[in-house]
Amino acid sequence: MTALSPRAIGLWVAGLGLVTDQASKLGLLFGARLGEVGPIGLAPFAEFRLVWNFGISYGLFQQDGDLGRWLLVALGIGASVLMTVWVWRATSLLVAVSLGLIIGGAIGNAIDRAWAGAVIDFVHLFLPDRSRSWYVFNLADVWIVVGVIGLLLDSFRSGREDATKSGSS
């Protein structure tokens, strides 16, 4: 049996990340009807809470019109295309998987913006006494953060140059 190449694994990770992100959002929105029933408690420090994010990370750069919305969709798709080229050239499994996670997350959030006008966020973490609260986020955001951490870890590895350091294979 032939082992899969880093590029194939990276593209599979992108697809899996996209599917799990969209399935979680659609399941909570239409299955659990999170928008109608309100927050769903998970633990003393966590709940599912529907938030429509019209901006980017942490609600920055809120967009209230179609121009901003479609610019953010185009930015997400454009970045995903460039990262797919990077995955195609990657020789490192860590780089390919990290980029796959970022691609899946970026496309997932771009799909939300395209059909709903905003990103669907739903994971809310807080201190048990609710004196401190973390931002509400989704699986796409998790994939992007983990992917960026993977790329950072790769950048600190010593050894031969790979796609992250040289920009080519």
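Here is a short walk through this predicted model, from the overall chain to two of its helix pairs.

Let's start with the whole chain. It holds six helices and three strands, and if you follow it along the sequence you meet them in the pattern α-α-β-β-α-α-β-α-α. Of the 169 residues, 36% are buried. The exposed area comes to about 9700 Å², and carbon and sulfur atoms supply 70% of that. Contacts that span long stretches of sequence are well represented: among those with a separation of 6 or more, 67% join residues 24 or more positions apart.

Now turn to helix H4, residues 93–116, and find helix H5, residues 139–156. Their axes lie 7 Å apart and the helices pack at an angle of about 155°. Angles over 145 degrees count as roughly antiparallel, and H4 and H5 are therefore roughly antiparallel to each other. Their crossing is left-handed. On the H4 side, the contact includes Leu94, Leu101, Gly105 and Asn109, while H5 contributes residues including Ala140, Trp143, Gly147, Leu151 and Asp154. Sorted by class, this contact of H4 with H5 has 13 nonpolar, five polar and two charged residues.

H4 has another partner to look at, namely helix H1, which covers residues 6–31. Here too the axes are 7 Å apart, with a packing angle of about 35°. H1 passes H4 in a right-handed crossing, whereas the crossing of H4 and H5 is left-handed. The contact of H1 with H4 is made up of 16 nonpolar, seven polar and four charged residues.

Notes: Residues are numbered from 1 along each chain as its sequence is written. This is a predicted model: local features need pLDDT of at least 70, side-chain atom pairs count only at pLDDT 80 or more; totals for chains, interfaces and linings use all residues. Side-chain values use heavy atoms; hydrogens and water are left out. Axes are lines fitted to C-alpha atoms, for helices over the stretch in contact, and angles run from 0 to 180 degrees between N-to-C directions. Helices (H or I, at least four residues) and strands (E, at least two) are DSSP runs, numbered from the N terminus. Angles under 35 degrees count as roughly parallel, over 145 as roughly antiparallel, 65 to 115 as roughly perpendicular and the rest as oblique. A crossing is left-handed if the near helix is turned anticlockwise from the far one by less than a right angle, and right-handed if clockwise. Contact means heavy atoms within 4.5 Å. Ala, Val, Leu, Ile, Met, Phe, Trp, Tyr, Cys and Pro count as nonpolar, Asp, Glu, Lys and Arg as charged, and the others, Gly among them, as polar. Buried means under 20% relative accessible area, exposed over 50%, partly exposed in between (1.4 Å probe, protein chains only). Accessible areas come from the Shrake-Rupley method with a 1.4 Å probe; for residues, only the protein chains shown count as cover.
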